[in-house]
Amino acid sequence: MEQVIGKLYVVATPIGNLTDISQRALDVLREVDLIAAEDTRHSARLLEAYMIKTPLKAYHDHNEDYQSTVLVKQLLGGDNVALISDAGTPLINDPGYRLLSAVHDAGIQVVPVPGANAALALLSVCGLAVNSFVFEGFPPVKSQQRQDYFCRWLKSPHTHVYYESSHRIVASLVDALAVLGGDRMVAMGRELTKTFETIKRCTLAELVEFVQSDNNQQKGEFVIVISRAQVDESAADTDIREMLEKILPIVSLKQASQVVASLTGQKKNRVYQIALEMQQS
Ligand code: SAM
């Protein structure tokens with residue numbers, strides 16, 4: 001007889017408001033044989049609220065290796081398991097990497113049950129360009145390393161989103177300001193989906209002032225979005241024109257546009273338009 005193998009469900013739970021959980025997530029949590037949770041006492045409150053009686057087992061940073069082996073054995077033995085974290089989507093700055101990698105290696109089926117995530121919650125309401133964003137996790141805790149971390153975004157064409165703790169929110173925003181300047185558009189999501197939710201969209205200089213001047217705005221959980229660097233179009237155009245002047249006499253318009261676009265990081269269409277204008281003038 002063929003051995004039936006269990007499935008691992010990776011289930012998102014609320015980031016504050018207990019009702020931010022899907023019906024499917026609740027059904028899965030009720031029906032699996034075991035829930036692997038980051039903090040069993042914390043998750044017990046969620047399960048109690050929905051009268052879910054499934055047994056809980058601790059799975060966290062300090063027992064990941066051992067528990068991954070145990071859980072894979074249980075899955076191979078036929079148990080269905082759900083993985084949850086304290087809040088939001090497991091593995092997004094939460095434990096689970098070892099387990100997921102072991103489960104894939106063992107050929108066990110994984111099933112995502114998507115839902116809340118703090119970074120996506122803020123991105124969805126921040127009113128900044130978010131069609132291309134980089135999720136950065138938590139910044140380093142030491143100021144110099146944090147400044148180096150922000151430095152990488154100075155000329156970034158992507159919007160950046162990161163998490164910060166209440167202990168470091170002021171120091172970390174001050175470092176961001178020192179590196180990126182006050183004019184960048186940013187957004188802060190504090191205590192998202194909870195009673196004292198704050199959503200603030202302004203310049204980086206205004207955000208630092210806003211948080212520094214109000215102790216209440218320094219408490220709770222934070223997500224920060226920093227918009228992409230503004231491209232200085234005129235400076236970029238000058239660079240493009242200078243390069244095209246040298247290269248257009250040698251290669252075709254199309255080839256010149258491709259080469260200059262890749263050297264400057266500008267869009268091919270834009271470079272092509274400038275090259276066309278130069279040829280026609
Ligand atoms: N897995 C989670 C998720 O999907 O968002 C993130 C876990 S990470 C360990 C915890 C951090 O997420 C917090 O320190 C805070 O920066 C951010 N966070 C979680 N809940 C939040 C909320 N309700 N409002 C703002 N930030 C939150």
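I'm counting a residue as near the ligand if one of its heavy atoms lies within 4 Å of it. Note to self: this is a predicted model.

**Who is around the ligand**

I looked up the shell with that cut-off and got 19 residues around the ligand. D94, N117, A118, Y163 and F222 come nearest. I then sorted the shell by character: nine residues are nonpolar, five are polar and five are charged.

**Where the shell comes from**

I pulled up the domain assignment, which gives domain 1 as 7-115, domain 2 as 119-226 and domain 3 as 233-280. Why does the ligand lie between domain 1 and domain 2? Both of these domains give residues to the shell, so the ligand sits between them. I also checked the strands, and strand 7 (159-164) and strand 10 (222-226) each supply at least two shell residues. For domain 3, I looked up its spacing from domain 2: their C-alpha centres are 36 Å apart.

**Polar contacts**

Next I went through some N and O pairs. N117 has a polar side-chain atom 2.8 Å from an oxygen atom of the ligand. L192 uses its backbone instead, with an N or O atom 2.9 Å from a ligand nitrogen atom. At F222 I found a polar backbone atom 2.7 Å from an oxygen atom of the ligand.

How much of the ligand's accessible area does the protein cover? On its own the ligand has 570 Å² of accessible area, and the protein covers 91% of that.

**Recap for the bench**

N117 and F222 are worth a bookmark in my viewer: both are among the residues that come nearest to the ligand.

Notes:
Residues are numbered from 1 along each chain as its sequence is written. This is a predicted model: local features need pLDDT of at least 70, side-chain atom pairs count only at pLDDT 80 or more; totals for chains, interfaces and linings use all residues. Side-chain values use heavy atoms; hydrogens and water are left out. Domain bounds come from an automatic or database domain assignment. A polar contact is a pair of N or O atoms within 3.5 Å; within protein, one must be able to donate a hydrogen and the other to accept it, and residues adjacent in sequence count only if both atoms are side-chain atoms. Accessible areas come from the Shrake-Rupley method with a 1.4 Å probe; for residues, only the protein chains shown count as cover. Helices (H or I, at least four residues) and strands (E, at least two) are DSSP runs, numbered from the N terminus. Ala, Val, Leu, Ile, Met, Phe, Trp, Tyr, Cys and Pro count as nonpolar, Asp, Glu, Lys and Arg as charged, and the others, Gly among them, as polar.
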